[in-house]
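The following exercises concern backbone geometry, burial and chain contacts. Each task is followed by a worked solution.

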Amino acid sequence: MESPVVIVLEAMLGGAIRVSTPFMFVALGECVTEKSGRVNLGLEGTLVLGAMTAYAISFHTGSPWVGVLAAGVAGSVLGAMHGSICGLPKVNDVAVGIAMMLFGVGVAFFFGKPYIQPVAPRLQSIPLGSWSESPNLRSALEVNPLFFVGIAAAFALAWALRNTRWGLVVRTVGDSAAAARAMGVSVNGVRLMTTTIGGFFAGVGGAFLSLSYPGSWNQGLSSGQGLMAVALVIFARWKPLRCVLAALLFGAAGAIGPSLQAVGVTQGYYFFNAAPYILTLVIMIATSSAKHSAADMPGELSMAK
Amino acid sequence: MSDAPVAQSFPGAAAPAAPMAVSSSRWRSDAEFVVIPILAIVASFLLFAVFLLAIGKSPVDFMALVWRGGFGTSFSIQNTLQRSSPLIMTALAVAIPARIGLIIIGGEGALVLGGFVAAVVAIPMTGVVPPMPALLVMAFAAMLTGGIWIGICGFLRYARGVNETIASLLLTYIGIAIMNFFVEGALRDLSDPNKPSTKPIGRDYMVGSIPGTSVHWGFLFGVLLCLGLYLLMSRTTFGFAARVTGGNFRAALAQGLPVGRLIVACCAIAGACAGLAGFFEVAAIQGRANASLAAGYGFTGILVAFLARQNPLMIPPVAIMFGGIVAAGGLIQRRMGLPDATVQVLEGLIFVVLLTSETLYGRFSIFKPKGR
């Protein structure tokens, strides 16, 4: 018999790995977008549309990985929309983000209605805990391959932003649009590209929601994960690897409620469900300052000034 | 850049606030702010028609149903006005902070919490306090709650530089969680097994209708609130100071304006408006607080405020238009077999096209004042 504390900690470990994956993808996507000096607040809508697309395509083709790809493509389309609209003069990227959030969620609910009932094939997890005797630890270590894909992507992005010509161009556009223009770089073109890439990541994050954990499609699937991930990028100081760590922290916070339920604590379920939002707010308060802008922030960013 | 916590370029913040001397050139440049949004609406309806054709539905049927469900009969008009009431108030919750340069999108949370608190304070008063003072207490409690809720966003923005857009949406999720926590727990009415709700506030405490109609008083209060806040923002020292702060934060600081208090005050007014919407939803429609308070009025209100170019006087007509679309939603769902999210798609499309149209300002020579 395991003690309740161990059970809760094991459930939180498993929860942190499961819950963090969508945070990780959205945060990585937003990180790339913000590195180029633009904010996309619409990733919440992208996440929901990605979840719906992945579920629908997985249902029709029978292959969840095709679903993941389709979710990425759907996310890219929304990202490209945001990127091209914000490329026009006088258009505010934060406001367009809010509009894209409402639009993406609306489109997802519209086309997602017929897929609430059917069961689509889900992504298979890798049982990393088969060495363990404890059933709780085993289920905690049922890790989805997308988790590792996300970590690999974070390393790849961190390397590419630091060491490649592409990374230099993105960072220059983000820090000083005038300097980038003087270099002969198309500022709007680069931002369109990074917003599209960001949308792809957020779409894949959505695919995880519907195809792995919680692993079904319904209208209450995402409530603010996309938005929290945007706040998380500030906390991660625009560094891909820190995004992964921050996502794990958020995953653990999000897993508190379900973990306590696992040992029979149902009191305050809604309160613990609110834990990630409260944590996000506390982190934003702790890391912001009225006097100076956040450390390592891209200079062109209109938000968080 | 770094020491300007609220100076953002912001669509609508630069809209004409107070009509000055009426001259033809003034009218010309003002017309731009009416013509371009109308063009945006027409363009989005055309795009939506293409979308409907693509999925094999008739746009003509759709428009006919919107007309019939929203504006065609006296019943539907009253239903529309009823639904436009929370839209007016939540749009004010966006428009007032916009004047001081903040994008607040947390009206939904202030509405839910305001309505919840109104229901909670009503329960111990039932049968003890006469209706009129009880309703005043409920409305005050709702406005205070909403005011504090959005006021927090303003305070955090000024004192800590926390992004108010994200903070206000986070507070919305937290607010809904707080209501659910109590409604499913300590304050649940156990006599109703179906939907977790608070106890009903009772028939005596229900706000009636405007005489001769079935529209509750919230609509009238909403319109009056728009008038009052228009005067506050355009004709008083407070409003002037707020607009200066929104226009140029450093100039406001240099003038010695109390920018912190102005920001918190604008946010508190915004929250109070949304809280009042929650009060009317409870005291005029639902009769109790439960999850149906979070019906998305706060989000449609954002769109209403942007379409009205953050001008309180333009909010009621725009809110009535969207109230009609929302009211027709059920009819569209039943008659055309479209999902309930159809209205959401249309709203999202209008919002996206509207913001895209921001780029058109100053592009047409017809709107330029003559001789300049």
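**Exercise 1.** Determine which residue just after α10(B) takes a positive phi, and check the span and burial of that helix.

*Solution.* Step 1: the residue is Gly287(B), whose phi is about 80 degrees. The model is a predicted one, in which local features need pLDDT of at least 70 and side-chain atom pairs count only at pLDDT 80 or more, while totals for chains, interfaces and linings use all residues. Residues are numbered from 1 along each chain as its sequence is written, and chains are lettered from A and ligands numbered from 1 in the order in which they are written.

Step 2: helices (H or I, at least four residues) and strands (E, at least two) are DSSP runs, numbered from the N terminus. Helix α10 of chain B covers residues 259–286, 28 in number, and should span 40 Å at 1.5 Å a residue; the expected span is 1.5 Å times one less than the number of residues. Its end C-alpha atoms lie 39 Å apart, which agrees.

Step 3: a residue is buried if 20 or more other C-beta atoms, placed from the backbone, lie within 10 Å of its own, exposed if 12 or fewer, and partly exposed in between. By this criterion 23 of the 28 residues of α10(B) are buried, and the helix is mostly covered.

**Exercise 2.** Identify the residues with the most contacts inside the largest nonpolar core, and the element that gives the core its largest share.

*Solution.* Step 1: a nonpolar core is a set of buried Ala, Val, Leu, Ile, Met, Phe, Trp, Tyr and Cys residues joined through C-beta atoms within 7 Å. The largest has 231 residues, and Ala27(A), Leu232(A), Cys243(A), Leu92(B) and Ile315(B) have the most contacts inside it.

Step 2: α10(B) supplies the largest share of this core, 18 residues.

Step 3: two residues are in contact if their C-beta atoms, placed from the backbone, lie within 7 Å. Beyond four places in sequence, the contacts of Ile315(B) include Ile88(B), Leu92(B), Cys226(B) and Val304(B).

**Exercise 3.** Describe the side of chain B that touches chain A.

*Solution.* Step 1: 47 residues of chain B are in contact with 47 residues of chain A.

Step 2: on chain B, α5 (131–160), α6 (164–183), α11 (297–307) and α13 (342–356) each supply at least two residues of this side.

Step 3: its classes are 30 nonpolar, 12 polar and five charged residues. Here Ala, Val, Leu, Ile, Met, Phe, Trp, Tyr, Cys and Pro count as nonpolar, Asp, Glu, Lys and Arg as charged, and the others, Gly among them, as polar.

**Exercise 4.** Locate the unusual backbone geometry at Lys90(A), Arg237(A) and Pro214(A).

*Solution.* Step 1: most residues other than glycine have a negative phi, and most peptide bonds are trans.

Step 2: Lys90(A), not a glycine, has a positive phi of about 70 degrees. Lys90(A) sits in the loop between α3 (64–86) and α4 (93–112) of chain A and counts as partly exposed, with 14 C-beta neighbours inside 10 Å.

Step 3: Arg237(A) likewise has a positive phi, of about 50 degrees. Its place is the loop between α10 and α11 (240–262) of chain A, where 15 other C-beta atoms within 10 Å make Arg237(A) partly exposed.

Step 4: a cis peptide bond, with omega about 0 degrees, joins Tyr213(A) and Pro214(A). Pro214(A) belongs to the loop between α9 (187–211) and α10 (225–235) of chain A.
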